[in-house]
Amino acid sequence: MPNRFGTLGLWSRPLFHMRLFRLGILAALLGCSNTPGITLSATPNPLTGDGETTATVTATVSGGSVENVVVHFKTTLGTFTQAQSGTPTLADVTVGADGTAVATLVAPRQGWGTVILTASASVGGKEPSATATLPLRASGGLAVSISFTCQRQNIGALVTGRLTTIHVLCSATAKDAQGHVIPHASVQTLAERESGSLDWLKDDQGVQQFVYSVRPDDRGPKDVDPLDVNGNPQAVCPSSCNNVFASSCQGEPCWTDVTGITHNPRDGVATLIAAVPGNPGAEIRGEPFVDENDNGTWDPGEPFIDYNGNGKWDANDGQMKPGLVWKEFRIIWSGEASIPPAGGGTHQSYMTRSGNVATAYFVDKNLNALAADGAAVTDGIDWSGQCSGGSTISLGAAATVMDQVNPGILFTAETGAISAKGNRSTYTRNIDYGNSVSVALAQGLTSDTCGISAGPHRGYDPGAPGYDPQGAIADAVMDVAFLFP
Ligand SMILES: [Ca+2]
Ligand SMILES: [Ca+2]
Ligand SMILES: [Ca+2]
């Protein structure tokens, strides 16, 4: 009412003052002489961190008129059902006649630590506030192991001009000391910086499902230095890799573009983490962290979960104590086929012929295999050919089915780490597609030059429950001329 004072005409001011006077009497009758205050409580305590259980958060305002008083709730973890879109950790609730305001907090998917709740309001010209803490507990008990995988391990997140969000279904299963699946386990996730987000979808009979989403403006995995044969990073791509496919190129293959960026397969590898509260002693890897540069240890800037809340990453100290059990999953972000200009390239897709077999090798700018995430056997390489001298060329197949299983980089099944770091052969698997070719020379010719074309068409967004696959691409066609026979 006071902020409307300026809009009142002179005639109404006496009336306004009368109202203030009456309000003052009312406030006095209600005990306005008390200092305005607010108290805060939450129940149940502790709260089960399963992403679904709710806590009732009650603020009680006293010491002044509660009419139209709004309590501002805030939480450090979880979300309020009363929150406005975009600010899930804030909620404004008007107090009732009894002086209380009630907010509903949906638990985070985190089974450890403490939620800190605050409530504040403007009462009787004061701004009282209160804080309450609400411990979280692991849903279904503590784990000794966790598994974590996604349905695809190579997605087209680096395709130039992509306008749609890519979705992939990922799942995590936590098991207890008896080897039983823990239902509704408090599995939380972590992703490499600027490399998409993992959102919990549901508990499917103890399997926690997450949707990994990559928006068009997610920048993607960190540009990392290529590794040498000993697995050590090298700032400059060695000249022995001037042709990345030559045997002289040892270690991780790489090339340097005109802007000075080294392109190597690990530039397209994003790491995702799932973690769950573990039995004392089950944590043996330290606090969960995203090893963006693949050196096996945490480096400044790498995302981590600060389980003990000391503000820094901690390695396992060998002590038997509670901690997080965690697992990473590495997923390749790949782009469109890197097609060489006329004359070829030594770090781009290429084609060879040996006898009557033509083989096309397709890589993206980071030398990674192309994502093939369409419906089963719908991703393929289209082949065609023509001879300049009029000979007849036949291809064994007009289309070759693309590999939808192998992601291109060889990952170790147990740890998800890149297999045999520093070994070139582990970075360039399954990039080749072959086709048999036969040429019937035109009459009078002893040889003929025939062009062979190969071009992939594929889906690069697998989709997830509730999200249709959207990304499809016809890569540029690679044309190479060979002299036959
Ligand atoms: Ca690089
Ligand atoms: Ca690291
Ligand atoms: Ca820490």
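**Strand pairing, domains and backbone geometry of the chain**

Strand β22, which covers residues 380-387, is joined by eight bridges to strand β26, residues 448-459, and the two strands run antiparallel. Within this pairing, I381 stands opposite P456 of β26. The model described here is a predicted one. Strand β26 is further joined to strand β28 (residues 478-484) by seven bridges, again in an antiparallel arrangement, and in this pairing C450 has F482 of β28 as its bridge partner. A further set of three bridges links β26 to strand β27, which spans residues 472-474 and likewise runs antiparallel to β26; here the bridge partner of G459 is A472 in β27. Beyond the end of β28 lies P485, placed in the segment that follows this strand, and the peptide bond joining F484 and P485 is cis, with omega at about 0 degrees.

In the chain as a whole, one helix and 28 strands are assigned. The C-alpha trace spans about 115 × 65 × 45 Å along its principal axes, and the radius of gyration of the chain is 31 Å, whereas a compact globule of 485 residues would have a value near 23 Å. Buried residues account for 40% of the 485 residues. Of the contacts in the chain with a separation of 6 or more, 69% are made by residues that lie 24 or more positions apart.

The chain is divided into four parts, namely domain 1 (1-33), domain 2 (38-137), domain 3 (145-333) and domain 4 (350-484). The centres of domain 2 and domain 3, taken over C-alpha atoms, are separated by 34 Å. Seven residues from domain 2 and eight residues from domain 3 take part in the contact between these two domains. On the side of domain 2 that touches domain 3, the residues comprise one nonpolar, four polar and two charged.

An open sheet of five strands is formed in the order β2-β9-β8-β4-β6, with mixed pairing. Its edge strands are β2 (47-48) and β6 (90-94), each of which pairs on one side only. Inside this order, strand β4 (residues 70-75) is joined to strand β8 (residues 114-120) by four bridges, and these two strands run antiparallel; in β8, A119 is the bridge partner of F73. The loop that leads from β1 (37-43) to β2 contains P44, and the peptide bond from T43 to P44 is cis, with omega near 0 degrees.

A second open sheet consists of four strands in the order β10-β12-β15-β14, and its pairing is antiparallel. The edge strands of this sheet are β10 (145-150) and β14 (197-204), each pairing on one side only. On average, and with direction ignored, neighbouring strands of the sheet are turned by 25 degrees against each other. Edge strand β10 is joined by six bridges to strand β12 (residues 166-175), the two running antiparallel, and the bridge partner of S147 in β12 is T173.

Two residues are of note for their backbone geometry. Most residues other than glycine have a negative phi, and most peptide bonds are trans. E194, a residue other than glycine, has a positive phi near 55 degrees and is found in the loop between β13 (188-191) and β14. With 12 C-beta neighbours inside 10 Å, E194 counts as exposed, because the limit for this class is 12 or fewer other C-beta atoms within that distance. D294, which is also not a glycine, has a positive phi of about 60 degrees and is placed in the loop between β18 (269-278) and β19 (323-333). For D294, 17 other C-beta atoms lie within 10 Å, and this residue is therefore partly exposed.

Conventions: Residues numbered from 1 in each chain as written. Chains lettered and ligands numbered in written order. Predicted model: local features only at pLDDT ≥ 70, side-chain atom pairs only at ≥ 80, totals over all residues. Pairing = 2+ DSSP bridges. Axes fitted to C-alpha atoms, helices over the stretch in contact; angles between N-to-C directions. Domains from an automatic or database assignment. Nonpolar A, V, L, I, M, F, W, Y, C, P; charged D, E, K, R; others polar. Rg over C-alpha atoms; globule rule 2.2 N^0.38 Å. Buried ≥ 20, exposed ≤ 12 C-beta atoms within 10 Å, placed from the backbone.
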